[in-house]
Amino acid sequence: MTPVLQGLVLAGGRSQRMGTDKALLRIGERTLLSRSVQCLQRVVSTVHISVRSAEQAAASYASGNVIVDRRAGLGPAAGLLTAHSLHPEAAWLVLAVDMPLVT
């Protein structure tokens, strides 16, 4: 069986150096998050947004297919592990939210 390719935007960073949630920063008319989601939607049918906590999900990402990290302190690996545990049959195309020039 061929695995279904799904998209995952890693948006769960603490943005300590930035001081604000990077995913919600705007470049032109769109946020970094919307740019990343739209980029992945060009090549996959389902895009998930990986966040570190339920609070982050509720505050920033009310719409969308949000995956909340199940393990703290692992950085981006927590998002990858959680996504894989929720959808073990999937293949993943992963994009960090702070890479706005990816096309």
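This passage describes the fold, a central strand, the nonpolar core and a surface patch of one protein chain.

The model is predicted. The protein chain has 103 residues, and 34% of them count as buried. Three helices and six strands make up its secondary structure. From the N terminus, the order of elements is β-β-β-α-β-α-β-α-β. The chain thus opens with three strands in a row, and helices and strands then alternate up to a final strand. Contacts often span long stretches of sequence. Among contacts between residues at least 6 apart, 62% join residues at least 24 apart. The chain exposes about 6,300 Å². Carbon and sulfur atoms supply 56% of that area.

Strand 4 covers residues 47–51. Five of its five residues are buried, so the strand is largely enclosed by the rest of the structure. In a regular strand, side chains alternate between the two faces of the sheet. Strand 4 has residues on both sides. V47, I49 and V51 point one way. H48 and S50 point the other way. Residues of both groups are buried.

Strand 4 pairs with two other strands. Strand 1, residues 5–10, runs parallel to strand 4 and is joined to it by four bridges. Within this pairing, V9 stands opposite I49. Strand 5, residues 65–68, also pairs with strand 4 in the parallel sense, over four bridges. Here H48 stands opposite N65 of strand 5.

Helix 1 spans residues 32–41 and includes S36. How buried or exposed is S36? Its relative accessible area is 3%, under the 20% limit, so S36 counts as buried. Leaving aside neighbours within four places in sequence, S36 is in contact with V9, L95, A96 and V97. The partner V9 is 27 residues away along the chain, yet the C-alpha atoms of S36 and V9 are separated by 6.7 Å.

In soluble globular proteins, nonpolar side chains tend to be buried together. The largest nonpolar core of this model holds 14 residues. Which of its members touch the most others? They are V9, A11, L33 and V97. Helix 1 and strand 4 each supply at least two residues of this core. The largest share, five residues, comes from helix 1. Two of the residues named here, V9 and V97, are also contacts of S36.

Some nonpolar residues lie at the surface instead. L5, V43 and L93 form a nonpolar surface patch. Together they have about 230 Å² of accessible area. L93 belongs to strand 6, residues 91–96. Its relative accessible area is 33%, which lies between the limits of 20% and 50%, so L93 is partly exposed. The contrast with S36 is plain: S36 is buried, whereas L93 is partly exposed.

Terms used. Residues numbered from 1 in each chain as written. Predicted model: local features only at pLDDT ≥ 70, side-chain atom pairs only at ≥ 80, totals over all residues. Heavy atoms only, no water. Patch = residues over 30% accessible without salt bridge, like charges linked within 9 Å, V, L, I, M, F, W, Y side chains within 5 Å. Areas by Shrake-Rupley, 256 points an atom, 1.4 Å probe, with all protein chains shown as cover. Salt bridge = Lys/Arg side-chain N within 4 Å of Asp/Glu carboxyl O. Buried < 20%, exposed > 50% of the residue type's maximum accessible area, 1.4 Å probe, protein only. Contact = heavy atoms within 4.5 Å. Pairing = 2+ DSSP bridges. Core = buried A, V, L, I, M, F, W, Y, C linked by side-chain atoms within 4.5 Å.
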